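Welcome, and please load the model in your viewer. We will go from stop to stop, selecting a few residues each time and looking at what is there.

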Amino acid sequence: MGLIYLDSSVALRAILNCEERTNVQQWLDTPGETFVSSRLLKTEVLRVLRKDDRPLVEALPLLERVGLIDITREIHTLAESIERHVKTRDALHLGTALFIGERIKVATHDAGMKAAAQHLGLHVVDPVL
């Protein structure tokens with residue numbers, strides 16, 4: 001049980017038609033887990049659905065399950081201070097996870113994000129594997 005920070009590499013697998021979809025959806029239904037993410041997650045998910053010309057309502061089950069945190073000036077400062085080379089959106093996700101603190105686990109299936117999160121001392125889980 002705990003607090004899990006969800007990034008788009010996992011979140012999108014709960015929505016899109018891929019072989020891991022059922023497993024990720026079951027993982028998201030784990031009792032006692034609380035899922036949070038940056039408000040950026042909603043933007044990423046909706047942009048992918050729009051790009052694929054899919055109905056935006058497909059995102060609702062996931063987005064209703066995840067608490068979304070606005071990106072504040074403090075989160076930008078944390079993201080800007082990350083030493084390792086990561087993409088800007090990944091730095092914003094990691095900055096948000098660092099801002100939350102309190103033994104948060106980062107759920108990602110992205111190798112670069114995983115390496116950066118571990119380098120920052122964050123615990124990482126990959127429910128896609």
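Two strands count as paired if DSSP finds at least two bridges between them. With that in hand, select E1 and E4: they pair in the parallel sense over three bridges. Keep in mind throughout that this is a predicted model.

**Stop 1: the whole sheet.** Now colour the strands. You should find an open sheet of five strands in the order E3-E2-E1-E4-E5, with parallel pairing. Which strands stand at the edges? They are E3 (66–69) and E5 (123–125); each has a single partner strand, so one side of each is left without a neighbour in the sheet. Turn the view a little to see the twist, which averages 35 degrees from one strand to the next.

**Stop 2: strand E1 and its two partners.** Select residues 2–6, which form E1, and residues 33–38, which form E2; four bridges join these parallel strands. Show Ile-4 as sticks. Opposite Ile-4 in E2 stands Phe-35, and opposite Ile-4 in E4 stands Lys-105. How many of the five residues of E1 are buried? Four of them are, so E1 is mostly covered.

**Stop 3: helices on the sheet.** Go back to the pairing of E1 with E2, held by four bridges, and add residues 40–51. This is helix H3, which packs on the sheet and touches E1, E2 and E3. The direction of H3 makes about 80 degrees with that of E2. Next, add residues 88–100, helix H6, which also packs on the sheet. H6 touches E1, E2, E3 and E4 (105–107), and its direction makes about 165 degrees with that of E1.

**Stop 4: an aromatic pair.** The structure holds one aromatic pair. Select Trp-27 and Phe-35: their ring centres are 5.1 Å apart and their planes lie at 65 degrees, so the pair is edge-to-face. The cut-off behind that label is a plane angle over 60 degrees. Are these two residues buried or exposed? Both Trp-27 and Phe-35 are buried.

**Stop 5: Ser-37.** Finish in strand E2, where you will find Ser-37. Its relative accessibility is 0%, so Ser-37 counts as buried. Leaving aside residues up to four places away in sequence, select what Ser-37 touches: Tyr-5, Leu-6, Val-66, Gly-67, Leu-68, Ile-69 and His-93.

Methods. Residues numbered from 1 in each chain as written. Predicted model: local features only at pLDDT ≥ 70, side-chain atom pairs only at ≥ 80, totals over all residues. Heavy atoms only, no water. Helix = DSSP H or I, 4+ residues; strand = E, 2+ residues; numbered from the N terminus. Axes fitted to C-alpha atoms, helices over the stretch in contact; angles between N-to-C directions. Contact = heavy atoms within 4.5 Å. Phe/Tyr/Trp six-rings, centres within 6.5 Å; stacked < 30°, edge-to-face > 60°. Buried < 20%, exposed > 50% of the residue type's maximum accessible area, 1.4 Å probe, protein only.
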